[in-house]
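Before reading on, please take a moment to look over the chain from one end to the other. The paragraphs below lead from the overall plan to single residues, and it helps to keep the picture in view while following them.

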Amino acid sequence: MRDVADHVTSRWGIWVLISLRSNDLRFYELRDSIQGISEKMLAQTLRALVKDGLVRREVEPTTPPQVTYGLTEFGQEIGEPLTDLFNRITQRLPPRSPG
């Protein structure tokens, strides 16, 4: 249980779950949606979340293989309160000034 909680609340785990909350994404789409994450950290985070049963990994047998990530039912349940927290924080932030 502690490992799962650590993965969900890790610096990048929370962003992966939030990014996947509305639709499935391929690796590069996920990387582009999370500002500042390296490919190595994304791969490590995804491996942990897949192992924990929060994220599913689907591989299409094409050349090269296309890999898509999405939330499992468990991941969606965990992601809902995270999304609520994220939305509350962004609603409270002052507007960014241009420039």
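In what order do the three strands form an open sheet, and is the pairing parallel or antiparallel? The order is β1-β3-β2, and the pairing is antiparallel. The edge strands are β1, residues 25-26, and β2, each of which pairs on one side only. Since what is shown here is a predicted model, every statement below describes that prediction.

It is useful to set this sheet within the whole chain, which holds five helices and three strands and follows the pattern α-α-β-α-α-β-β-α when read along the sequence. The chain has 99 residues, and buried residues make up 30% of them. Among the contacts with a separation of 6 or more, 47% are accounted for by residues 24 or more positions apart. The accessible surface of the chain comes to about 7100 Å², and 51% of this surface belongs to carbon and sulfur atoms.

We can now look at how the strands are joined. As a general point, strands of a sheet pair through backbone hydrogen bonds, either parallel or antiparallel. Strand β2, residues 55-60, is joined to β3 by six bridges, and the two strands run antiparallel. Along this pairing, V55 has L71 as its bridge partner, R57 is matched with Y69, and V59 is matched with V67. On the other side, β1 and β3 pair over two bridges, also in the antiparallel sense, and here L25 stands opposite Y69.

β2 and β3 form a hairpin, with five residues between them. The loop between these two strands is the place of P64, and the peptide bond that leads from T63 to P64 is cis, with an omega near -5°.

Is β3 largely enclosed or largely open to its surroundings? Five of the six residues of β3 are buried, so this strand is largely enclosed by the rest of the structure. One residue to examine within β3, which spans residues 66-71, is T68. Why does T68 count as buried? The cut-off for a buried residue is a relative accessible area under 20%, and T68 is buried because its relative accessible area is 13%. Leaving aside neighbours within four places in sequence, T68 is in contact with D24, L25, R26, R56, R57, E58 and E60.

From the sheet we can turn to the nonpolar core. In soluble globular proteins, nonpolar side chains tend to be buried together. The largest nonpolar core of this model has 18 residues, and the members that touch the most others are V16, L20, L30 and V55. The elements that give two or more residues to this core are α2 (13-19), α4 (39-51) and β3. V55 has already appeared as the bridge partner of L71. Not counting residues up to four places away in sequence, V55 touches L17, L20, L46, L49, V50, Y69, G70, L71 and T72.

Beside V55 in the sequence is L54, which is found in the loop between α4 and β2. Although L54 lies in a loop, it counts as buried because its relative accessibility is 0%. L54 and L71 are 17 residues apart in sequence, and their C-alpha atoms are 6.0 Å apart in space.

The last part of this walk concerns helix α5, which runs over residues 73-92. This helix has 20 residues and reaches 29 Å from its first C-alpha to its last, close to the 28 Å expected at 1.5 Å a residue. Where does α5 have a kink? The kink, of about 30°, lies at G79, shortly before the proline P81. G79 is also one of the buried residues of α5, the others being G75, L82 and T83.

F86 lies in this helix too, and F86 counts as partly exposed because its relative accessibility is 23%. Which residues does F86 contact, once its neighbours within four places in sequence are left aside? The contacts of F86 are W15, I18 and R21. With their positions 71 residues apart in sequence, F86 and W15 are 9.7 Å apart in space, C-alpha to C-alpha.

How values were computed:
Residues numbered from 1 in each chain as written. Predicted model: local features only at pLDDT ≥ 70, side-chain atom pairs only at ≥ 80, totals over all residues. Heavy atoms only, no water. Helix = DSSP H or I, 4+ residues; strand = E, 2+ residues; numbered from the N terminus. Buried < 20%, exposed > 50% of the residue type's maximum accessible area, 1.4 Å probe, protein only. Contact = heavy atoms within 4.5 Å. Core = buried A, V, L, I, M, F, W, Y, C linked by side-chain atoms within 4.5 Å. Pairing = 2+ DSSP bridges. Expected span 1.5 Å × (residues − 1). Bend = angle between axes of the 7 residues up to and from the residue. Areas by Shrake-Rupley, 256 points an atom, 1.4 Å probe, with all protein chains shown as cover.
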